[in-house]
Amino acid sequence: MIEADFFARPSKVVALDLIGVSLLFEGVGGAIVETEAYHEQDPASHSYRGQTSRNGAMFGPPGHVYIYRSYGIHWCLNFVCLPGSAVLIRALQPDVNIEAMRQRRGDVATRLLCSGPGRLTEALGITGAHDGLSLTAPPFVLQPRSEDIAVDVGTRIGITKAVGENLRFGVKASPFLSKKFPIAI
DNA sequence: CCCAGGATTGACT
DNA sequence: GTCAATCCTGGGA
């Protein structure tokens with residue numbers, strides 16, 4: 001079981017440590033295969049200009065979730081770390097109750113069920129109504145990874161500020177990533 | 001008060 | 001490869 005103090009660390013460290021962790025929401029989910037870190041001094045972060053009515057959860061206790069609507073259409077799921085910092089969950093490997101995911105996402109290939117921040121919230125049934133919930137209590141269940149995993153690092157996706165920072169992490173060569181990492185040197 | 005723009009996705013050429 | 005969909009926050013006037 002992962003405790004709240006796991007999240008009371010810099011988001012970059014937490015983002016790396018979250019790779020391979022199993023995430024279940026109401027008994028649906030799988031291993032986290034892709035994350036991105038955001039922090040308070042980060043121009044690309046919603047917390048950059050300080051606390052507002054939308055990003056309040058990002059300044060709340062570590063180990064809770066911050067959920068926001070993206071492009072007026074999708075929900076994106078973040079794990080809150082130290083105040084003003086969070087980790088965006090970008091992709092899961094569908095493991096548990098794939099039928100429920102397919103029911104919500106439609107009849108798509110398994111590798112497309114959770115390969116993107118908007119897709120995985122839809123597959124798990126997560127919405128803004130769950131903003132601020134604790135990750136260490138139901139309906140969330142987090143289990144540590146069971147074995148070591150090779151991890152890729154790269155630049156974040158879909159942002160226009162602080163583009164060059166290597167704050168994106170993913171399972172090396174996983175077919176469930178939202179986007180491949182550039183070929184390693 | 002107004003309105004530009006976004007941590008995206010899927011449909012289409 | 002391009003592009004529209006669609007909401008609502010927050011920055012600026």
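Biologist: What makes the approach of S53 to DNA strand C a polar contact?

Modeller: In this predicted model, a polar side-chain atom of S53 lies 3.3 Å from a phosphate oxygen of DNA strand C. A polar contact is a pair of N or O atoms within 3.5 Å; within protein, one must be able to donate a hydrogen and the other to accept it, and residues adjacent in sequence count only if both atoms are side-chain atoms. The value of 3.3 Å for S53 therefore meets the cut-off of 3.5 Å. Local features need pLDDT of at least 70 and side-chain atom pairs count only at pLDDT 80 or more, whereas totals for chains, interfaces and linings use all residues. Side-chain values use heavy atoms, without hydrogens and water; residues are numbered from 1 along each chain as its sequence is written, and chains are lettered from A and ligands numbered from 1 in the order in which they are written.

Biologist: Which atoms of Y71 and G72 approach DNA strand C?

Modeller: For Y71, a backbone N or O atom lies 2.5 Å from a base oxygen of the strand. For G72, a polar backbone atom is 3.2 Å from a sugar or linking oxygen of DNA strand C.

Biologist: How do you know which residues are near DNA strand C?

Modeller: A residue is near a strand if one of its heavy atoms lies within 4 Å of it. Around DNA strand C these are R49, T52, S53, R54, R69, Y71, G72 and I73.

Biologist: Why is S47 called buried or exposed?

Modeller: Buried means under 20% relative accessible area, exposed over 50%, and partly exposed in between (1.4 Å probe, protein chains only). S47 has a relative accessible area of 0%, so the residue is buried. The side chains of S47 and S45 are joined by a polar contact of 2.8 Å.

Biologist: What is the class of K12, and why?

Modeller: The relative accessibility of K12 is 46%, so this residue counts as partly exposed. K12 belongs to helix α1, residues 11-18; helices (H or I, at least four residues) and strands (E, at least two) are DSSP runs, numbered from the N terminus.

Biologist: What puts the buried residues of α2 on the same side?

Modeller: In helix α2 (residues 98-105), the buried residues are A100, M101 and R105. They cover an arc of only 120 degrees around the axis, which puts them on the same side of α2; the arc is that of the directions from the helix axis to the C-beta atoms. The face turned away from the buried side of α2 carries the exposed residues E99 and Q103.
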